[in-house]
Amino acid sequence: MTSPPSARRPRKLSPRPGGPDWWLMLRKFVSHGTSIAAFSPSSRFLARSMVRGIDWAKARCVVELGAGTGPITRELVRAAPAHAKLVIRARDPDFSPVLRATFPSHAVVEADAGRLDEILAHRRIAQADHVISGLPLPSFPPALRDSVIRMSARVLGPDGEFRQITNMPWVYLKLYRTYFRDVSFRLVPLNLPPGGVYFCRGYQPAA
Ligand SMILES: C[S@@+](CC[C@H](N)C(=O)[O-])C[C@H]1O[C@@H](n2cnc3c(N)ncnc32)[C@H](O)[C@@H]1O
């Protein structure tokens, strides 16, 4: 008999160079290139920067897009109080089982980012406080990028925040400024390669 998911012992995350998660990301990067866009999982420093500053006293729902092997998910799960709802989204059938085994008490949704509206509607989520994106948005076709950001903005409402990971510090500041009025950037040198986080508020539909 198999035990219910929450009773299983969670799998340990192993993002360090040479660990299984690192090899999985490298393999996926070699086979899928721009749709993965990073050859290694985010470091704990980058993952923590993605989560730092979330006001958990107010946050009711946080949506993560493009979770990969789950380094950011781990920080979210660690920081989030029991009342906060986390929606973890991954598209790749090689990543979803890893996420489910590592975070057995959290719902991992396997779906393309282009179906964000549908996924949220299905889960009756009308509002989120933060969307945390590990998606390689700059390499998405522009129409898909526009629609992922528009769908995220819709669920965030006027006060929510969109956070985006990058492995190309500063390079895409201008890109995110075409979508949001208020964009700031935090550099995270301790990542392979050095990365950072864009903090975006005030969605403005692309001209
Ligand atoms: C750069 S990796 C980030 C992984 C992880 N968040 C981290 O920080 O290590 C990009 C992730 O976006 C996912 N992804 C790429 N295109 C996607 C799409 N169209 N829909 C959903 N996920 C997508 C990939 O499968 C991968 O998990």
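**Reading the cysteines and the ligand site**

Modeller: Let's start with the cysteines: this predicted model holds 0 disulfides.

Biologist: Happy to begin there. What is a disulfide?

Modeller: A disulfide is a covalent bond that joins the sulfur atoms of two cysteines. Here, Cys61 is in no disulfide, and the nearest cysteine sulfur, that of Cys200, is 18 Å away. Cys200 is in no disulfide either, its nearest cysteine sulfur being that of Cys61. A pair counts as a disulfide when the sulfur atoms are within 2.5 Å, so a separation of 18 Å rules this pair out.

Biologist: Is Cys61 buried or exposed, and is Cys200 buried or exposed?

Modeller: A residue is called buried when its relative accessible area is under 20%. Cys61 has 4%, so Cys61 is buried. Cys200 has 0%, so Cys200 is buried too.

Biologist: Good, on to the ligand. How many residues surround the ligand, and which are the closest?

Modeller: The ligand is surrounded by 23 residues, with Ser35, Ile36, Ser42, Gly66 and Ala113 the closest. By type, the shell splits into 14 nonpolar, 5 polar and 4 charged residues.

Biologist: Which residues should I look at for polar contacts?

Modeller: Try Ser42, where a side-chain N or O atom is 2.5 Å from an oxygen atom of the ligand. At Gly68, a backbone N or O atom lies 3.2 Å from a ligand oxygen. For a ligand nitrogen, look at Ala113, which has a polar backbone atom 2.8 Å away. On its own the ligand has 600 Å² of accessible area, and the protein covers 97% of that.

Biologist: And which pocket does the ligand take up?

Modeller: The ligand occupies the largest pocket.

How values were computed: Residues are numbered from 1 along each chain as its sequence is written. This is a predicted model: local features need pLDDT of at least 70, side-chain atom pairs count only at pLDDT 80 or more; totals for chains, interfaces and linings use all residues. Side-chain values use heavy atoms; hydrogens and water are left out. A residue is near a molecule or strand if one of its heavy atoms lies within 4 Å of it. A polar contact is a pair of N or O atoms within 3.5 Å; within protein, one must be able to donate a hydrogen and the other to accept it, and residues adjacent in sequence count only if both atoms are side-chain atoms. Accessible areas come from the Shrake-Rupley method with a 1.4 Å probe; for residues, only the protein chains shown count as cover. On a 1 Å grid over the protein atoms alone, a cavity is a set of points where a 1.4 Å probe fits but cannot get out, and a pocket is an open set with protein on both sides within 12 Å along at least five of seven lines; lining residues have an atom within 4 Å of a point. A molecule sits in a cavity or pocket if more than half of its atoms lie within 2 Å of its grid points. Ala, Val, Leu, Ile, Met, Phe, Trp, Tyr, Cys and Pro count as nonpolar, Asp, Glu, Lys and Arg as charged, and the others, Gly among them, as polar. Buried means under 20% relative accessible area, exposed over 50%, partly exposed in between (1.4 Å probe, protein chains only).
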